[in-house]
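Work through the exercises below with the sequence and the 3D view at hand. Try each task before reading its solution.

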Amino acid sequence: STNRSEYAMWNFCNNHDNWRMQAMTGTSQMRMCVAVITFWPGVPLHYAGDEQDFNTPGSALDGWAREELSVSMAWRAVRTSPEGNPADGDNFDMTSTSYRYVQRLNALRRAYFGNFGKEQCDVVESPAVPIADMLIFTRGCTGESRVTLIANFRTKGAKTMEVVTPWPQGTKLFDAIPESDRSSFLVGVAGAVTVTVPALGVLVLALGTIRPLPASVVEVAPAHGSVVEPQEGATEVKVTILFDRPMQAAVAAAARLDGTAGVFRCAFTECSEITVSLPLSSMIDGFHSVEVDEGVEAKDGQKLFASFRSTFRLARKRTVITHPASHEQSDLICNNFVALCHNAAGADSFRVQNVGEEWSTWKSYQAETAWTSKPGVPVLVQYHAEGSSGYVIGDCRSEAGESCFSSWHSSMYMRGEWNNWGQDAKGTMHLVDDFTWGAKISISGYAKAKFAPFDDWIKSYGAQADRALLYNVPDYDPRHKTFEIDPKMSGTEASRRWMAERGLWSQHESLASGAEFATELWVGSGCTAEAPGCPVPDDGGWKCVGFTRPEQNMDWCRAKGIDGCQEYAEYDGSPAMVGCHGCSCCKRKVTTVLTGRTTTCCVLFNDLLLNYTITSDLGRCASIPDEEPTPEPGSVRAADRTTMPSPPCEEAGEPEILDVAVNQSFAWSAERLTEAELEFEQQVGTRMPSPGDWHNEVAYSVLVDRFANGDIKNDMVNIPDFQRTELEQGKPWSLARWRHGGDLQGLKGRLTYLRDLGVTVVGVSPIFANSRGDYDCACASDPTSVDPGFGSAELLWELVHDAHALGLRVVLEVEVNHACGRGLSYMSGTNVDDVTECVNAFEGAYWNSSRGAALPESGRSELKLSSADLPSALQHPSFFARCGPRNLFRPDGHDMSALPSDRAKTTQAGNLWTEPAELDQYGNLLKLEFNTMDVGFQRIYTNLLKW
C-alpha cells in the first residue's frame, strides 16, 4: 500500500553532512557497518573517501568531512595521524587496505546475490530472541547462496554465542570476508553454530568453499602516490605488480609502464608477480603510471574485473610536487627579480601572484619563466599536476637579495577583550616565519578574540560556533531527542577537542575560520586554545524541558540542580522564567568562571593553513616588540567584529491545472521535452534502461567539487563572491568553503577506479546552476543547465556515455524543495502571526488533503519574483510556500526547537514550509521554499529534469 521496497532503499554508513564514522568511533566500526550494508537488503551506498580511511573530524557545516581524493592543502592543518591527514595526498589508491576490503565485499555480494530473481525468494531471517549488542541475519534464495551475517556492536570485549543457522548438522561453514586464513565452523544439532566475534567485528558465514571472485591487484611497488628518491649510486628503478593469485603469462605483455606495454616479465613461474627494472637515466623526474587492462585472465579462469591504474613520483631532488606540504622555495625568485626558477618537475601548468596583486592566468610549465617580482613582496606560485592544483610555494627577497618571510597578505592584527578590540592597542602581529604571524598578549583568565587583516573589521575570522549534531533519527521517532553518540556537538571546539584527545594537537593548538558567521575564538586560561568548559551562553534565559526518558519527571527536575552546563528548576511563575511559561520543568545554561591570574602568552597564526598556537613559551615571540597603546581608546560593539559580506509527460487521471499561466508553462515544458526526446533518438538511438530491480546494485556518493579536478580552466568559473574577494586579496580566510575545482571531467577520468571497487551506480551530488557559486550546488537556481564550474550538458552526456560503456549507472541528486537566486523577496514584511498561521494551514493540508486539492492561502505572503536566475516556467506564485522566515514560526508562542516530542509533526512542518532567515546585502532572500504539493509545480519541474 505504500509502494515501499527495501530492495531499492539506499543504505549508508557515512554521508557528506555529518562526522565520518571513522572519526567518531574508528575504522573497525566503519568496516563492520560496510559489511552490514553490503549484505542487508537494499543498495549499499559508499561515501567518497571511506574506501581510503578519511577521518577528518567535523561536519560539513564546518567545511570539513568533505575531503578531496586528489592532492589538497585544505586539510593539511588537521593532521589526523602522525603522518598527516589522509586527504593531503593522491587517494585514488586501488591497493589500499580499505579499498580492497570494500572491493572484496562487493565481489562477494555479486557472487552470492548476483543471480537473484524476485525479492520474494529472499527471506531475511533473524533470531526469534534478539541477542544484546548483536545484529544477526540470514539471507539467500537457495542453500548454496545463503549467508549469515553476525556483527558485534560492542566497543569493548569479544562476544561468544550460539547462533542458529539454516544449514543441517555436519555442514562446514567459512567466514567469507578474509582473503586468506579463513575461520571454519561446523554446524551442530538443529543448525547451531558457536562463534566468537571480536568487539566491532563481523563474520559472514557461507557454505563450503567460497564462491569464485575476480582476480585483482593487491600491491604495487613503488606504492601509489609514493615518492622515489634515488639513493646516491642508484642506477635503476624497479616496478612490481602483485596479484592475488597466479596469472596467465600474457598479463606481463598486457601491463604498461607510462603507456608502454611489453616491458614487464613474470617474476616467478606461476606469474602472480610481474616486474620491470629500468635504468634510472632513462626516467625523468615527475609522475609515472602503472596500468593493467580489464579482462586479463588468471590461471583459475577468473579475470581482472576492471582496469587498474597507479602512479608514483620520481624525484632526484625535493620539490613541491613530491612534498606538497613544503610551501617555501628559497631560490624561486631569480635573475635579479625578473624571472622565476621553478622546482616542480611533474607539473603541467602554473599561475603566479605577487602578494597583494591578482593571480596571473594559467601557463604551461617550464623550468624558468619570466616574471617581475618586487623586493620585500612575497611571490606565490600554484602548480597543477596529475589532476590537482593543491601545490603552492612561496618566496620573498629583500633589495639586498636576503631572504624574507613569505605570507598571504601584508598585515595581520589580533584583537580581543584585553586590548578593547583594538581600541586600546592595535593588536599588530609580526611575521616570525614563513606564513606565520606572532603577537604577545596579556590576559586574565579566559578572553575572546578575533584575527583581522586590516585596520577595520571589514574582514575577520574566529571560530565555527558550537551546534548540536543531528543524526538521522526521524522527528516522529521519540528517540530523536535521546539518541546520543559522541560527538554530540560540531564546530571548531568539538573538532579541536577531538584532535587533542588523540594527542594530535596539544591544548595550545586550534584552527580558525573566516566564515561570515564565525564567532570570537577563545584564548584560554594558561595560554591555551581551548574554550571554557561552559562558555557564556548567547541566551541565558529559562526554557522548557520535555521529559523524554522514563526516569524524568517533576521529582527528577526538582532534584537535578546543575548538571554539566545546564541548570534545572521547577517553573515558579517569576518574570525571570517567562521563557518557560506553560511548562512545569525549566532549564538554562550556566557558565564557567572566566577570570584568573594575569598571564602573558605568545600567539602564532599560520595564514596559509589557518591554524594557530597559543603558548606560554615567550621565546617563540622573542623577536616581537612590545606594542604601544593606541591613543584615544574607545569601544567596539560585537556586531562590528563580524565579517562583512562582499558587495554586491501527462498521465490520465492527473488533477486539472486551472491557472492559465501555469498551463502555458506546462505546455511549453512538455513540447520542449518532446523535441529533446526526438533529438536524442536521432543522435544516439538507445538508452541504458533502469534496472528492473535494484537489489544487485552498489552505489558510490560523489561530491563533485571535492572528488577530482579534471579541467583547471573552469576553476574560476562561478566561484562565490567571498572566494573571489579572498583570491584578489590573497587571503584564503574561508578555504574550506571555497570551490576546490572538482568537476565532471575529473569524475569522468576516475570511472574505472569506481568500477574496480565494485560500484555499479555513481550517485552524483547536485550539478545544476547555482547563482551563489556554492561548492555543493545544493540549492539550484536553474535546473535546466549544468553549473559552468562543473562543466556543460555535453560533458554530462559524455560522462554518462562512458559510465554506461563500463556498466555503471549515473544517478543525479536533485534538491527539489527550494530555489536560490538573485532578486527573490517578499513584497512586504512578514510577522509571527501570519507565518505561524501559514505553517499550520500547510501542516493540515499535508496530512488531511488529497493530491491536487486546493491549498490554503491563510497567512501566505506575496512574493516579488524578478530573478534572472530562475527559469520563468518556475516563477509562478503558487509554486512557492510563501510562509516566511523560520525564526518567525512560533507555535503556541514557543520556539519550535523547544517543542516536546509529541509535537514532532509541527516541528517538521516548520522546517518544510519556512525559509532560513538569510538575506543578501540588499535585503533579498538567499533561498525560497517551493510548495512541492502543487501539482503544476510537480509536473513542470519533472519535465525540466527529464529535459
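**Exercise 1.** How are H2 and H3 oriented to each other?

Solution. The model is a predicted one. Two packed helices are described by the angle between their axes and the distance between the axes.

Step 1. Find the helices and their geometry: H2 covers residues 27-39 and H3 covers residues 97-113, and the two pack at an angle of about 20° with axes 10 Å apart.

Step 2. Compare the angle with the cut-off: angles under 35 degrees count as roughly parallel. H2 and H3 are therefore roughly parallel to each other.

Step 3. Add the handedness: H2 and H3 cross in a right-handed manner.

Step 4. List the residues that touch. From H2 these are Thr-27, Arg-31, Met-32, Val-34, Ala-35, Ile-37, Thr-38 and Phe-39. H3 contributes Thr-97, Ser-98, Tyr-101, Val-102, Leu-105, Leu-108, Arg-109 and Phe-113.

Step 5. Sort them by class: the contact of H2 with H3 holds 10 nonpolar, 4 polar and 2 charged residues.

**Exercise 2.** Describe the packing of H7 and H14 in the same order of steps.

Solution.

Step 1. H7 spans residues 660-683 and H14 spans residues 935-946; their axes come within 9 Å and cross at roughly 25°.

Step 2. That angle makes H7 roughly parallel to H14.

Step 3. The crossing of H7 past H14 is left-handed.

Step 4. On the H7 side, the contact uses Val-662, Ser-665, Phe-666, Trp-668, Ser-669, Ala-670, Arg-672 and Leu-673. On the H14 side are Gly-936, Arg-939, Ile-940, Asn-943, Leu-944 and Lys-946.

Step 5. The classes in the contact of H7 with H14 are 7 nonpolar, 4 polar and 3 charged residues.

**Exercise 3.** Is Glu-67 buried or exposed? Then find its side-chain partners.

Solution.

Step 1. Locate the residue: Glu-67 sits in the loop between strand S2 (43-47) and H3.

Step 2. Use the cut-off: buried means under 20% relative accessible area. Glu-67 has a relative accessible area of 3%, so Glu-67 is buried.

Step 3. Look for polar contacts of the side chain. One of 3.0 Å links Glu-67 to the side chain of Arg-20, and one of 2.7 Å links Glu-67 to the side chain of Thr-56.

Step 4. Set aside neighbours within four places in sequence. Glu-67 is then in contact with Arg-20, Phe-54, Asn-55, Thr-56, Trp-75, Ala-87 and Arg-706.

**Exercise 4.** Which backbone nitrogen does the side chain of Thr-319 reach?

Solution.

Step 1. Thr-319 is placed in the loop between strand S18 (308-314) and S19.

Step 2. Thr-319 has a relative accessibility of 7% and so counts as buried.

Step 3. Its side chain reaches the backbone nitrogen of Ile-321, at 3.2 Å.

Step 4. Apart from neighbours within four places in sequence, Thr-319 is in contact with Asn-343 and Ala-344.

**Exercise 5.** Inspect the backbone at Asn-335, Phe-337 and Pro-222.

Solution. Most residues other than glycine have a negative phi, and most peptide bonds are trans.

Step 1. Asn-335 has a positive phi, near 55°. Asn-335 lies in the loop between strand S19 (333-334) and strand S20 (339-341). With 42% relative accessibility, Asn-335 counts as partly exposed.

Step 2. Phe-337 also has a positive phi, near 70°, and is in the loop between S19 and S20. With 13% relative accessibility, Phe-337 counts as buried.

Step 3. The peptide bond from Ala-221 to Pro-222 is cis, with omega near 0°. Pro-222 is in the loop between strand S10 (217-221) and strand S11 (227-228).

**Exercise 6.** Relate separation in sequence to separation in space for His-384 and for Leu-594.

Solution.

Step 1. His-384 is part of strand S24 (residues 379-385), and at a relative accessible area of 8% His-384 is buried.

Step 2. His-384 and Tyr-365 are 19 residues apart in sequence, and their C-alpha atoms are 9.0 Å apart in space.

Step 3. Beyond neighbours within four places in sequence, the contacts of His-384 include Ala-347, Trp-362 and Asn-709.

Step 4. Leu-594 lies in the loop between strand S37 (585-589) and strand S38 (598-606) and is partly exposed, at 22% relative accessible area.

Step 5. Leu-594 and Ala-385 are 209 residues apart along the chain, with 49 Å between their C-alpha atoms.

Methods:
Residues are numbered from 1 along each chain as its sequence is written. This is a predicted model: local features need pLDDT of at least 70, side-chain atom pairs count only at pLDDT 80 or more; totals for chains, interfaces and linings use all residues. Side-chain values use heavy atoms; hydrogens and water are left out. Axes are lines fitted to C-alpha atoms, for helices over the stretch in contact, and angles run from 0 to 180 degrees between N-to-C directions. Helices (H or I, at least four residues) and strands (E, at least two) are DSSP runs, numbered from the N terminus. Angles under 35 degrees count as roughly parallel, over 145 as roughly antiparallel, 65 to 115 as roughly perpendicular and the rest as oblique. A crossing is left-handed if the near helix is turned anticlockwise from the far one by less than a right angle, and right-handed if clockwise. Contact means heavy atoms within 4.5 Å. Ala, Val, Leu, Ile, Met, Phe, Trp, Tyr, Cys and Pro count as nonpolar, Asp, Glu, Lys and Arg as charged, and the others, Gly among them, as polar. Buried means under 20% relative accessible area, exposed over 50%, partly exposed in between (1.4 Å probe, protein chains only). A polar contact is a pair of N or O atoms within 3.5 Å; within protein, one must be able to donate a hydrogen and the other to accept it, and residues adjacent in sequence count only if both atoms are side-chain atoms.
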